[in-house]
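User: Could you walk me through how to read a few features of a model like this one?

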Amino acid sequence: MAADLTRIVTAYNDTVMSRTFLLPDLGEGLTEAEVVKILVREGDLVHEDAPLLEVETDKATVEIPSPMGGRVEKVHVQAGQTVQVGEVLVSFADVAASSGTQAAVTPDTTRALAPEPETLVASSGPASPASSHPTRSPQRGADPVPATPATRRLARELGVEIRAVNGSGRGGRVTDDDVRAAAGRRETAPADEARAPASTAPGKPLARVGIEPPPLPRFEQWGPVERQPLSHLRRTIAERMTLSATLVPHVTHFDRADVTDLDALIRRNLDAGKARGVTLTLTSFVLKAVAQALGEHPHFNASLDPAAGELIVKRYVHLGVAVAAERGLIVPVIRDVDRKPLLELQRELGALATRVREGKATLEDLRGGTFTVTNLGALGGTGALPIINYPEVAILGVARGREEPVVREGAIVPRLLLPLSLTFDHRVADGADGARFASAVIRRLEHPDELLLGL
Amino acid sequence: MGDLVREVDVAVVGGGPGGYSAAFRCAELGLEAVVVDAGKRLGGACLFEGCIPSKALLHVAAVLAEAERAKDFGVDFGAPRISLDPLRTWTRERVVGKLARGLAAVARGKGVEVIGGRAVFADSRSVRVEGEEPQTIRFRHAIVATGSAPAALPGADLRSERLMDSTAALQVPDVPPRLLVIGGGYIGLELGQVYAALGSEVTLVEMLDGLLPGADRDLVQHLARRCERTFKAVRLSTRVAGLRDTGRAVEARLDDGETATFDRVLVAVGRRPQTAGLGLELTRARVTERGFVETDERGRTADAHVWAVGDVTGEPMLAHRAMRQGKVAAEAIAGRPAAFDNVVVPAVVFTDPEVAWCGLTEREAETTGCPVKVARLQWAASGRAATLGRSDGLTKLVADAETGRVLGVGIVGPGAGELIAEGAVAVETALLAEDVALTIHAHPTLSETLMEAAEILLR
């Protein structure tokens, strides 16, 4: 996160000089965004950090603040247009000096704003040390990148900015291995260095996967058809799911948790929760149970790095929660679930779901997840096979809890059973591991006291 | 009219190299693509009025020049007798016609339909086709590949049969006794040499102080020397101030006050993108003042559904650039991570001697202050050049001063257009001069000059 902000700040600083504002690097390999709304008009005087426009990326709708104060000379984009990172969004006249760089200014209208870059970091998100991301020395200027066209294509496929890769070959030539290594590093780079897993032995790259979809038949021959373009979000979901389903060997383990006692506990405390402004739901308890189980089974809180042949175990537990928004499926992330008290977790979950449904989630709300929970309960069904949210290792599907007859000590009693389906990456874990992890979750759901005491 | 509405994945506007390359690649990737072309044919200016017919004529010129040179080693064919009808038939049928039929067959094989007519955008998702096969085409993506046309001489509004652009000159209407060529770029030089070989007395006028602006001067030298010998006159830093058709000839007034009379005038002052009247203003695509369509590195315009490739996207206006751009756009439309990130677009002037270069020129290195080492190898040192009786050549390597990476290659001499391919591979794949020097090049060939130039850099 700190790294992303650093990059945005850099982009701002670079653009201040030329008085044009380019779409900054949005991080996470995002290369384009769709302009949703333009919030300024040509001729407007704006101050630094004033919202300029709203863009929708693959992940969220984001407000882009002005990197400088000045008069909007020209808006180069229109609502509905897709813009690339680096494309000019807005150009400014009468620019006030900013961020310590020597902006070209019209002297008589100069105002002394001069905020430090740190100000920008603070205003763009939670402040964090801006130096945690090692800045690589990029290739010289606009020189052609010393790599073959095939290597450059590989970099595009892996989403690696090849100019930022230091070539290991003679004369600084960038090799395929350099690009693959950079792709592997990217997964770990934003994390704190101290948290990065210590690799004992260097791995070897696994084989790449890629299947070309065959051409579709001409459906018109059987009747009229209509072609509807996919929305940005739909396209992203399609690409992500295809990637995951093609790349990852999925296994699903089914089980059921007896949540009769947990349900009673929730009902008993509903009013107490409401008094604190929180509506208790099963989901927050499931999240808590998963976070604790992940502590016992860290392999499920990881990502496989096929390029390096290593497993990247994350020493933080950020859980994604699948939310069905009007636009499509969105997975906001709750950070450090293992360390948060249940009430706080519940409050955060509610606020996050609201932000997502209103389209106000920020990029930060949507990234950094280590494991995903998808609750299918509201819409019924007895179970589903979820697809892993790549590059995570596993996803837990929760279906609707139902009262069912259960045999207990020779008698049939009604119990509330919650069907669970744990889908995991068979490259990383085997059936027995999956069963053990599911049991660790179930044990906590069946014994809420253990869950709440963190036993 | 316009009742017929057709839906396709990709509508390609223009059937030139950029257009057909894009359409073919779309088809290979499973997208339904149609090409709308005013002439209902594939090949464009390149095949019908540019690269291909001019090279056919230049081959004729080369044969004539070789026959003349043969006298040096005791072979005299006598004075050539040139019949224009068979020459035109050969160019039109055996060269252009054959290639056009080939392209049509490829299109059929790939299921790419060619629709005849002029396409005009109605909005970001549809074009109207006017003319031969009127219809509306609704597309998911459109690729503008309408290419370029010869630019008119600024300020000259003379309408005269005697005034030709490159398209007209390639028809070889006759061999004018006195031909004025306006423009010392590659088109003027190539066609000037064709007509000179066929027997015209050629005067070439160029407003800048050198031929082939853009090429390094040492590369142009050998060509300039030959033109001075085979042309009646080469006038640099000279403009044509006025042209007047006297009925029997064209009188040209130069800006130095001199007046001369010509039977024909070839205007070769560059090419302009053909974007007017396309209806692009009804899309979100942006067109510059000079008429070029603005695109990103994949070829996408500011309109998410409209793409552009080839001459309409800017300089250099070369068919091979357009072809690569076409493939990139098709792949990007198919969702692949393609980009036109090419380092080199080789330039070849098919004159005698040929001039070819790629990557960084020495002059660019000087202007940008890029630290380079340059090696020149005169072909006087080449065994193969001696056996061809052609020592009027030069091979030049421009390499990064620090790493020795090959950044540019320039060649002048017969066959330079073929030889430059090695330079293109070297620059595009970031080879070091050392790599070129350590690769065995067959002896005796002209390609050895590249290896030897690289060796000079290592000394």
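Analyst: Happily; we will take the chain contact and then two single residues. This is a predicted model, in which local features need pLDDT of at least 70, side-chain atom pairs count only at pLDDT 80 or more, and totals for chains, interfaces and linings use all residues. Residues are numbered from 1 along each chain as its sequence is written, while chains are lettered from A and ligands numbered from 1 in the order in which they are written.

User: How many residues does each chain give to the contact?

Analyst: Two residues are in contact if their C-beta atoms, placed from the backbone, lie within 7 Å. Here chain A contributes 20 residues and chain B 18 residues.

User: Which elements of chain A give two or more residues to that side?

Analyst: Helices (H or I, at least four residues) and strands (E, at least two) are DSSP runs, numbered from the N terminus. In chain A they are strand 7 (82–84) and helix 3 (149–158), and helix 3 of chain A has the largest share, 4 residues.

User: Is Leu458(B) buried, exposed or partly exposed?

Analyst: A residue is buried if 20 or more other C-beta atoms lie within 10 Å of its own, exposed if 12 or fewer, and partly exposed in between, with C-beta atoms placed from the backbone. Leu458(B) counts as partly exposed because it has 15 such neighbours. Leu458(B) sits in helix 13 (residues 448–458) of chain B and, leaving aside residues up to four places away in sequence, touches Ala433(B), Glu434(B) and Ala437(B).

User: And where is Ser231(A)?

Analyst: Ser231(A) is in the loop between helix 4 (176–188) and helix 5 (232–247) of chain A. Ser231(A) is partly exposed because it has 13 C-beta neighbours inside 10 Å.
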